[in-house]
Amino acid sequence: MAAIITQINPILQIFDVIPIQTDNDVTWSEHLSQALTQLPELIHHLGLPQSMIKHGKQAHQAFRLFVPRPYLSRIEYANPTDPLLIQVLPSTHEMLAITGYSKDPLEEADHNPQKAIVHKYKRRLLVITTGSCAVNCRYCFRRHFPYADNQLAQAEWDSVIDYLAAHPDINEVILSGGDPLMMKDALLADKVRKLEALPQIKRLRIHSRLPVVIPQRVCQDMLNWINASHLDIIMVWHINHANEVDEQVTHAAQRLKQSGVTLLNQGVLLRGVNDTIEAQVNLSEAVFKAGIIPYYMFTLDPVEGAAHFDISIEEAQRLMGKVAAELPGYLVPRLAKEIPGRAAKTVLAPILDSST
C-alpha cells in the first residue's frame, strides 16, 4: 500500500508515495465552491439528529444555508448547541413574525442616495460592493437587503468616484456588502487605485467575515495590493465566539498586521452564542492574542427572522459590566447599538455590579 504524505519532498524520488492536498493547498475560491449548501448534508456531516432537517427546512428555503468547510471544521461534532453551529443553522424560529423586527432595521433605504452607496455619517461613505458572503449568518441585518438593486458593475464604479469627488468632506471609504473580499483581488486593486487618486481619501475600511470563515482568503495577491497602497487600511473582522479563532485565522491576521493593516473586531451579542461572561471574556482574549483589537460588541439589529437571538438592552449592559470587571479596559469592546436617524452609533454604558 502506498504511503500518504501531506507535501511533496525529496522522498518522492525514492519511495512510491501519493501526495494529498492539505487545507493550505486549497484556494479560498475553491473552498467557496466546496461549501455546504444543503441542510441534510450539514446535519449528516455533523452527526446531528435528523429531526433538525424538518426544523430548519422552511427557514433554509427562505434564506439558504451556506457554510464553507474551514468554518465547518471548527463546529463540534454531534453538538446541536455548538455556538458556531447556532450562527449558521436554519431554524423554525426564523419564520415567526415578531412585532418590532423588520426587513430594514437600520432604515438604510433612507440613506441610499444612489446605487450601492449608503451615506449616513459625516466624513464616511459606505459602498455595497457585492451581495454575496462566504457564510450566511442567520442573524444578518442585511439578509433582506435589496442587493439586486445595488449591484455595481465594474464599469459603474466611476459613479462612486464621482459621488466622492462631489463630497470632498468624505475622507474614509468603507467597503461592505455582502462581503467585499468576495471580489477577486484584481478587481479590488483596481477600485483601490481609483480611490487613491482622490486626494481627500485618507483611509480605507473593509468589513469582512471572509478571513474568519476561510483564512486562506488572506493570500499573496491580497497582500500585494495592500502593500502597494498609500491609504491607511483598516479591516474590521466579525468574530462572535472564541472557537472561531484557530491557528489558521491567527496566521491570516498576523500576515495582515505585518503588512500594516489595523485589525479590529466587532461582534454581535447573540443569545445562545456569546451571552455569558465566560464566552465574552474568552472571545476578547482570543482575538487579542491573534492580533485583533476588540472594538465593538453590538446589540442585535432587530431584523426580521432573528428575534430569537436577541437579548434586552439592560441584560446586555449588565453582562458587559461583569465582563468589564474581569478584563483590562483595552480588552473590553464598546457595547453599542445602531439607532436609525442618529449621527453616530449609540454607545451603551455597562452596568457595574457594586458587589464585585
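The lining of the largest pocket divides into 24 nonpolar, 13 polar and twelve charged residues. In this predicted model, the pocket encloses about 1200 Å³ of space. Of the 49 residues that line the largest pocket, Phe141, Arg142, Ser176, His207 and Gln266 are the closest to its centre. Several strands contribute to the wall: β4 (124–128), β5 (172–176), β6 (203–208), β7 (232–237), β8 and β9 each supply at least two residues of the lining.

Enclosed space was examined as well. Rolling a probe the size of a water molecule over the atoms shows where empty space is left. The count comes to two cavities of 30 Å³ or more. The largest cavity holds about 40 Å³ of space, and its lining consists of Asn265, Gly267, Leu283, Ser284, Val287, Pro294, Tyr295, Tyr296, Met297 and Pro333. Two or more residues of this lining come from each of β8 (262–268), α11 (277–289) and β9 (293–298). Strand β9 gives the most to the lining of the largest cavity, with four residues. By class, seven of the residues lining the largest cavity are nonpolar and three are polar, while none is charged. Strands β8 and β9 also appear among the elements that each supply at least two residues to the lining of the largest pocket.

The second largest cavity has a volume of about 30 Å³. Its lining is formed by His93, Leu96, Ile98 and Tyr101, together with Val303, Glu304, Gly305, Ala306 and Ala307. The lining of the second largest cavity comprises six nonpolar residues, two polar residues and one charged residue.

Helix packing was considered for one pair of elements. Helix α7 (residues 185–196) packs against helix α9 (residues 220–228) at an angle of about 10 degrees, and their axes lie 9 Å apart. Because angles under 35 degrees count as roughly parallel, α7 is described as roughly parallel to α9. On the α7 side, the contact is made by Asp185, Leu188, Ala189, Val192 and Glu196. The α9 side contributes Asp221, Met222, Trp225 and Ala228. By class, the contact of α7 with α9 has six nonpolar and three charged residues, with no polar residues. The charged class counts Asp and Glu among its members, and the contact includes Asp185 and Glu196 of α7 as well as Asp221 of α9.

Definitions and conventions. Residues numbered from 1 in each chain as written. Predicted model: local features only at pLDDT ≥ 70, side-chain atom pairs only at ≥ 80, totals over all residues. Heavy atoms only, no water. Axes fitted to C-alpha atoms, helices over the stretch in contact; angles between N-to-C directions. Parallel < 35°, antiparallel > 145°, perpendicular 65-115°, else oblique. Contact = heavy atoms within 4.5 Å. 1 Å grid on protein atoms, 1.4 Å probe; cavity = no way out; pocket = protein on both sides within 12 Å on 5 of 7 lines; lining within 4 Å. Points joined across faces, edges and corners; volume = space filled by probe spheres on them.
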